[in-house]
Amino acid sequence: MEDNIKSLIGAAQHIVVIQADNPDADSLGSALALEQILGNLGKDITMYCGVTMPEYLRHLLGWDRVVDSLPNQFDASIIVDASTYTLLERLDTAGQLSWVKSKPCIVLDHHATVERPLDFTDVQIIDGQAASTGEIIFTLANKLSWTVDAVSGGFIMSSILGDTQGLTNELTTAQTYRVMAELTDIGVNRPALEEARREYSKMPEKIYRYKAVLLARTSFTHDTQIASVRIPQSEIYEFSPLYNPAPLIQTDMLQTRDVALAIVFKTYDDGRITAALRSNSGYPVCGKLAESLGGGGHAHAAGFKVTDGRDYDTVYNACMKRAGELLDELTHEIDA
Ligand SMILES: [Mn+2]
C-alpha cells in the first residue's frame, strides 16, 4: 500500500489535496501538512475544499491557500479525512469529480464505516484505529522517509488535537500519545498551538452579550433532561457571521446538572427548520432522534432539517415527544 503511494506520488508533479464538504481541524491540518511535506519533495500542491474555511480554523496559517475549484491541470489527488461520495457533493455538482476520477487518487482517512464509500480510487489507507488523519500522515511519512519538520508537524498535531478534543475523547490511544511525543521531539510547541487556537476562537463583545440572551431563553424540560432554545432567522443573520450560535451555548447546556440532551433549533422565514442535537455520554440518542425527523448523524451529535412546511410548534412537539421516549427507554434499560 505504502509502495503504491510512493510510486503514485513519485510519478506526479502537480497534486491536489482534497477536503470534503465538512472541513475541520483534522482535514485542514492534514492538507497543510501534506502541502509542506510534499512541497519539500519538489511537488506542486493545490489544496481544494468546496466549502469556505470557517473562521475558527483560521489559526492554521495557510488556510487561505485552500481554493474552491480544481485547477485545470493536475496529475494526481489525495482525499484527506473522508472516503464517501456523500461529502464530495460540491465537487460533483461543479462537474469536477470526473476530473478526480480520471487520474490517480489516494484516500487517507480514519472513518471506518461510511455510507456510499468511494470506489474509484487507486489506494486507500483507512485506519479506524487512528485518532485523526494527521496521525495517519505522520505514520505514512515515517514509512516513506518523508521529512516531517516543525511546520508540517505543527499541522499534524493540530489535526490530532482537533479530532481528539485536546486528547480528551475516546479516539485517543497510546499511539496518539506516542505521535504527540515524537512531534514534540521535532520541535512542535503544543502550548503555542493552543494559544493561537484560543486567540482565533475568541468572541466579540456583541456575541458575549448575545450568549446571555440565549442562556436566558433556554428551556429545560423532561425533568431537566432536555435543554433547548430557538434561534430565529433575524438573529442568525445578525450573529452567525460573527460566531456560530449553536456551539456558543450547547456546551453550557450539556454542563448543566441533569441535562442529557441539548437542542438548538433554527427557524427561517421561508419555513425551514433545522436542529443541532448534542448529548452527554451515557445518552446515545441523537442519531435516532434525528432519524425520526428525517435527519441523521452519530449517537452523541446529529441534526435534522425540515422543509415540508410543518410549523415550528409541530416540529418542536414531535422532537420533544420522541426525545422523551428515547431518554425514558434508556432509563428503563438502566433500571432493568
Ligand atoms: Mn478526522
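Two strands count as paired if DSSP finds at least two bridges between them. Keep that idea in hand for this predicted model, where Ala-275 has Phe-304 in β12 as its bridge partner. The domain assignment splits the protein into domain 1 (2-200) and domain 2 (205-335), and the centres of domain 1 and domain 2, taken over C-alpha atoms, are 31 Å apart. Let's look at the sheet, then the helices, then two loop residues.

**The sheet**

- Strands of a sheet pair through backbone hydrogen bonds, and the pairing can be parallel or antiparallel.
- Here, six strands make an open sheet with mixed pairing, and their order is β7-β8-β9-β10-β12-β11.
- The edges are held by β7 (219-221) and β11 (296-297); each has a single partner strand, so one side of each has no neighbour in the sheet.
- Strand β10 (residues 273-279) and strand β12 (residues 301-306) run antiparallel and are joined by six bridges.
- To trace this pairing by eye, start at Ala-275, whose bridge partner in β12 is Phe-304, and then find Leu-277, which stands opposite Ala-302 in β12.
- How many bridges link β11 and β12? There are two, and the pairing of β11 and β12 is antiparallel.
- Gly-296 faces Gly-303 in β12, and the two strands β11 and β12 form a hairpin with three residues between them.
- Helix α11 (residues 245-254) lies across β8 (226-232), β9 (261-267) and β10, at about 155° to β9.

**Helix α2 and its two partners**

- A pair of packed helices is described by the angle between the axes and the distance between the axes.
- Helix α2 (residues 25-40) packs with helix α6 (residues 150-163) at an angle of about 165°, and their axes are 8 Å apart.
- Angles over 145 degrees count as roughly antiparallel, so α2 and α6 are roughly antiparallel to each other.
- The crossing of α2 and α6 is left-handed.
- On the α2 side the contact includes Ala-25, Gly-29, Ala-33 and Ile-37, while the α6 side includes Val-151, Phe-155, Ser-159 and Gly-162.
- With α5, the story changes: the axes of α2 and α5 come within 8 Å and cross at roughly 25°.
- That angle makes α2 roughly parallel to α5.
- Among the residues that meet here are Ser-27, Ser-30 and Leu-34 in α2, and Gly-134, Ile-137 and Ala-141 in α5.
- Which residues of helix α5 (residues 133-143) are buried? They are Thr-133, Gly-134, Glu-135, Ile-136, Ile-137, Phe-138 and Leu-140.

**Two loop residues with positive phi**

- Most residues other than glycine have a negative phi.
- Ser-145 is not a glycine, yet its phi is positive, at about 55°.
- Where is Ser-145 found? Look in the loop between α5 and α6.
- Is Ser-145 buried or exposed? Having 12 or fewer other C-beta atoms within 10 Å makes a residue exposed, and Ser-145 has 7, so Ser-145 is exposed.
- Leu-167 also has a positive phi, near 65°, and is a residue other than glycine.
- Leu-167 lies in the loop between α6 and α7 (174-185).
- Leu-167 has 15 other C-beta atoms within 10 Å, so Leu-167 is partly exposed.

Terms used
Residues are numbered from 1 along each chain as its sequence is written. This is a predicted model: local features need pLDDT of at least 70, side-chain atom pairs count only at pLDDT 80 or more; totals for chains, interfaces and linings use all residues. Helices (H or I, at least four residues) and strands (E, at least two) are DSSP runs, numbered from the N terminus. Two residues are in contact if their C-beta atoms, placed from the backbone, lie within 7 Å. Axes are lines fitted to C-alpha atoms, for helices over the stretch in contact, and angles run from 0 to 180 degrees between N-to-C directions. Domain bounds come from an automatic or database domain assignment. A residue is buried if 20 or more other C-beta atoms lie within 10 Å of its own, exposed if 12 or fewer, and partly exposed in between; C-beta atoms are placed from the backbone. Angles under 35 degrees count as roughly parallel, over 145 as roughly antiparallel, 65 to 115 as roughly perpendicular and the rest as oblique. A crossing is left-handed if the near helix is turned anticlockwise from the far one by less than a right angle, and right-handed if clockwise.
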